[in-house]
Amino acid sequence: MLNTLIVDDESHCIKRLLHLIDRKPGIFNVIATSKTVDDALKIAQDTSLDLVFLDIEIDDKTGFDFLRQLNHISFKTIFTTAFDNYAIKAFKFSAFDYLMKPIDFDEFNETIARLNEELQSKGHNNSVESLLKNIEQEQPKLLTIPSVEGFETVLVADIVHLEANGNYTYIHTKHKKQIVSKPIKFYENLLDEKLFFKCHKSHLINMEMIKTFNKGKQAYVQMENGNQVPIATRRKDVFLKKFH
């Protein structure tokens, strides 16, 4: 069972999580609930935790204050929030799970299923350092990519282009290609549209990584890593306007 801490300054939110946890017997061992960051820190320092449900806004502090003050983090974190705000993009960039309040049972189930998969694969904790850096940026600079071994962080500026492969996406940098189990639409919505352009239904390109453009019958760009990426006919005019 997972030794679990719930951190939230609202009693009804704690009760909702406890209710959802009760509907999943045999998974969670709730060690404690906490309404303040200071109290949560004492519990985390004195207890071996596997999982923390962490609210973002906690009285006059935040869940990020809690994470910043811990010297070592060995537990998984699932954020809870009532606000679809700046933090959501940081969570997605850093591959952190989050639950929107009021928490829906189906979404809770899906999140716990992903958590179980991570635990069974013995994946490492997501990069808290990456998350804390991203949360301070209007446009996050680090992208966390889950892998079999755990995760890898990639500088967004180092991504040359992204290529769709069904429900998977190849992320190309100058020196390597990685496959991730998310559709290209996820990254189209996530990445800064000023920097990344959807030149084709299967391709997103980093506009700062274009080396040359060929305007032939099948237009294409050659990228900094040497790859040629097609420009769809219906996207060519929009693409060219970006250079005027």
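A residue is termed buried when its relative accessible area is under 20%, exposed when that value is over 50%, and partly exposed in between (1.4 Å probe, protein chains only). By this criterion L204 is buried, with a relative accessible area of 2%. The structure is a predicted model, in which local features need pLDDT of at least 70 and side-chain atom pairs count only at pLDDT 80 or more, whereas totals for chains, interfaces and linings use all residues. Residues are numbered from 1 along each chain as its sequence is written, and side-chain values use heavy atoms, with hydrogens and water left out.

The chain comprises eight helices and 17 strands; helices (H or I, at least four residues) and strands (E, at least two) are DSSP runs, numbered from the N terminus. Of its 244 residues, 44% count as buried. Contact denotes heavy atoms within 4.5 Å. Among contacts in the chain with a separation of 6 or more, 56% are accounted for by residues 24 or more positions apart.

One open sheet is formed by five strands in the order β2-β1-β3-β6-β7, with parallel pairing; two strands are taken to pair if DSSP finds at least two bridges between them. The edges of this sheet are occupied by β2 and β7 (97–100), each with a single partner strand, so one side of each is left without a neighbour in the sheet. From one strand to the next, the twist averages 20°. Axes here are lines fitted to C-alpha atoms, for helices over the stretch in contact, and angles run from 0 to 180 degrees between N-to-C directions.

Within this sheet, strand β1 (residues 2–7) is mostly covered, five of its six residues being buried. Six bridges link β1 in the parallel sense to strand β2 (residues 28–34), and L2 stands opposite F28 in β2. Strand β3 (residues 51–55) runs parallel to β1 and is joined to β1 by four bridges; V7 has L54 of β3 as its bridge partner. Pairing of β3 with β6 is likewise parallel and extends over five bridges, with T77 in β6 as the bridge partner of V52.

Helix α1 (residues 11–22) combines with β1 and β2 in a right-handed β-α-β unit. A crossover is called right-handed if, with the strands pointing away from the viewer, the path from the first strand over the helix to the second runs clockwise. The expected span of a helix is 1.5 Å times one less than its number of residues. For the twelve residues of α1 this gives 16 Å, which agrees with the 16 Å between its end C-alpha atoms. The buried residues of α1 are C13, I14, L17, L20 and I21. Seen down the axis of α1, these buried residues fall within an arc of 125°, so they line one face of the helix; the arc is that of the directions from the helix axis to the C-beta atoms. H12, K15 and D22 are exposed on the other side of α1. The cover over the buried residues includes β1, β2, β3, β6 (76–81) and α5 (105–120). The helix α1 lies across β1, β2, β3 and β6, at about 175° to β2. Helix α2 (residues 37–46) also packs on the sheet, where it touches β1 and β2, and its direction makes about 140° with that of β2.

Another open sheet contains five strands in the order β12-β11-β10-β14-β13, with antiparallel pairing. Its edge strands are β12 (177–180) and β13 (196–200), each of which pairs on one side only. The twist averages 20° from one strand to the next. Four bridges connect β13 and strand β14 (residues 203–206) in the antiparallel sense. Helix α8 (residues 233–241) lies across β13 and β14 and runs at about 150° to β13.

L204 belongs to strand β14 and has K198 opposite. Not counting residues up to four places away in sequence, L204 touches H161, L162, I184, Y187, E188, F197 and K198. The C-alpha atoms of L204 and A164 are separated by 8.7 Å, although the two residues are 40 residues apart along the chain.

K211, located in strand β15 (residues 210–214), counts as exposed at 54% relative accessibility. Leaving aside its neighbours within four places in sequence, K211 is in contact with Q222, M223 and E224. K211 and G226 are 15 residues apart in sequence and 8.4 Å apart in space, C-alpha to C-alpha.
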